[in-house]
Amino acid sequence: MAENSFAAQVSEWVTQEKARQEAVLREAAQMVANNVRTSVAAGGRMPVETGNLKNSLMASTSAMPTVDQGEKAYPDSSGEIELIISNLEVGGTLYLGFQAAYGRRMNYGFVGEDSLGRLYNQAGYGFVDAEAQDWPQTVKRAEEKVRGRFERG
């Protein structure tokens, strides 16, 4: 009987640890999805005029979202991103990618002539790179938030 009791306690502890890990992973992933879309005006690095680039962010657990060729209007996909992240499991892969064709140019910058003959000398905003570099700190911030939720019950 004592063994069963101990096994039950260990099982509960393992379940709690897995739940905590998944909560931290999901919180950190959602923070990245939010931060990468935060406008320059709101303290982020994303240039926002119409919101189309911001809205073109997509999430997937199976493959990197593809870049659309040509111009396209994107609806806000925040709800879909949250849903995908809410089902993310430890050991899984989350792909976040901008579908707007000009996303790469806005992140990295562009000097030269584009396919339509327009000349650019545009510095990049680095919104993707900044989030990638901040990942360890994002995980720490996510852990602090999740720890607070778990400790409060």
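A residue counts as buried when its relative accessible area is under 20%, and as exposed when that area is over 50%. The exercises below apply this to a predicted model.

**Exercise 1. Decide whether threonine 138 is buried or exposed, and list its contacts.**

Solution.
- Step 1. Locate the residue: threonine 138 belongs to helix 6.
- Step 2. Compare its accessibility with the cut-off. Threonine 138 has 0% relative accessibility, so it counts as buried.
- Step 3. Find its partners. With neighbours within four places in sequence left aside, threonine 138 is in contact with Ala28, Met31, Val32 and Glu131.

**Exercise 2. Check the length of helix 6 against its residue count, then work out how its buried residues are arranged.**

Solution.
- Step 1. Helix 6 runs over residues 135-152, which is 18 residues.
- Step 2. The expected span is 1.5 Å times one less than the number of residues. For helix 6 this gives 26 Å.
- Step 3. The C-alpha atoms at the ends of helix 6 are 26 Å apart, in agreement with the expected span.
- Step 4. The buried residues in helix 6 are Thr138, Ala142, Val146 and Gly148.
- Step 5. Viewed down the axis of helix 6, the buried residues fall within an arc of 150 degrees, and therefore they line one face of the helix.
- Step 6. The general rule behind such a pattern is that an α-helix has 3.6 residues a turn, so residues three or four places apart point the same way.
- Step 7. Lys140, Glu144 and Glu151 are exposed on the other side of helix 6.

**Exercise 3. Classify isoleucine 85 and identify what it touches.**

Solution.
- Step 1. Isoleucine 85 is part of helix 3, residues 78-86.
- Step 2. Its relative accessibility is 2%; because the limit for burial is 20%, isoleucine 85 counts as buried.
- Step 3. Isoleucine 85 and alanine 29 are 56 residues apart along the chain, and their C-alpha atoms are separated by 6.8 Å.
- Step 4. Not counting residues up to four places away in sequence, isoleucine 85 touches Arg26, Ala29, Gln30, Ala33 and Leu94.

**Exercise 4. Compare the settings of alanine 100 and asparagine 55, and find a residue that appears in both contact lists.**

Solution.
- Step 1. Alanine 100 lies in the loop that joins strand 2 and helix 4, whereas asparagine 55 lies in helix 2, residues 52-55.
- Step 2. Alanine 100, at 3% relative accessibility, counts as buried. Asparagine 55 is buried too, with a relative accessible area of 15%.
- Step 3. The C-alpha atoms of alanine 100 and asparagine 52 are separated by 7.7 Å, although these residues are 48 residues apart along the chain. For asparagine 55 and asparagine 107, 52 residues apart along the chain, the C-alpha separation is 15 Å.
- Step 4. Leaving out residues up to four places away in sequence, alanine 100 touches Leu53, Ser56, Val67 and Tyr74. On that basis asparagine 55 is in contact with Tyr74, Pro75, Asp76 and Ser77.
- Step 5. Tyr74 appears in both lists.

**Exercise 5. Describe the largest pocket by volume, lining and residue class.**

Solution.
- Step 1. The volume of the largest pocket is about 610 Å³.
- Step 2. Its lining has 25 residues, and those closest to the centre are Met64, Leu96, Gly97, Phe98 and Val128.
- Step 3. Two or more lining residues come from each of helix 1 (2-35), strand 2 (95-98), helix 4 (103-108) and helix 5 (127-133).
- Step 4. By class, the lining of the largest pocket comprises 20 nonpolar, three polar and two charged residues.

**Exercise 6. Do the same for the second largest pocket, and state which element gives the largest share of its lining.**

Solution.
- Step 1. The second largest pocket has a volume of about 490 Å³.
- Step 2. It is lined by 19 residues, and Glu71, Ala101, Tyr102, Arg105 and Arg118 lie nearest its centre.
- Step 3. Helix 4, strand 3 (109-113) and strand 4 (119-123) each give two or more residues to this lining.
- Step 4. Helix 4 supplies the largest share, three residues.
- Step 5. The lining of the second largest pocket divides into eight nonpolar, five polar and six charged residues.

How values were computed:
Residues are numbered from 1 along each chain as its sequence is written. This is a predicted model: local features need pLDDT of at least 70, side-chain atom pairs count only at pLDDT 80 or more; totals for chains, interfaces and linings use all residues. Side-chain values use heavy atoms; hydrogens and water are left out. Helices (H or I, at least four residues) and strands (E, at least two) are DSSP runs, numbered from the N terminus. Buried means under 20% relative accessible area, exposed over 50%, partly exposed in between (1.4 Å probe, protein chains only). The arc is that of the directions from the helix axis to the C-beta atoms. On a 1 Å grid over the protein atoms alone, a cavity is a set of points where a 1.4 Å probe fits but cannot get out, and a pocket is an open set with protein on both sides within 12 Å along at least five of seven lines; lining residues have an atom within 4 Å of a point. Grid points are joined across faces, edges and corners, and a volume is the space filled by probe spheres set on the points. Ala, Val, Leu, Ile, Met, Phe, Trp, Tyr, Cys and Pro count as nonpolar, Asp, Glu, Lys and Arg as charged, and the others, Gly among them, as polar. Contact means heavy atoms within 4.5 Å.
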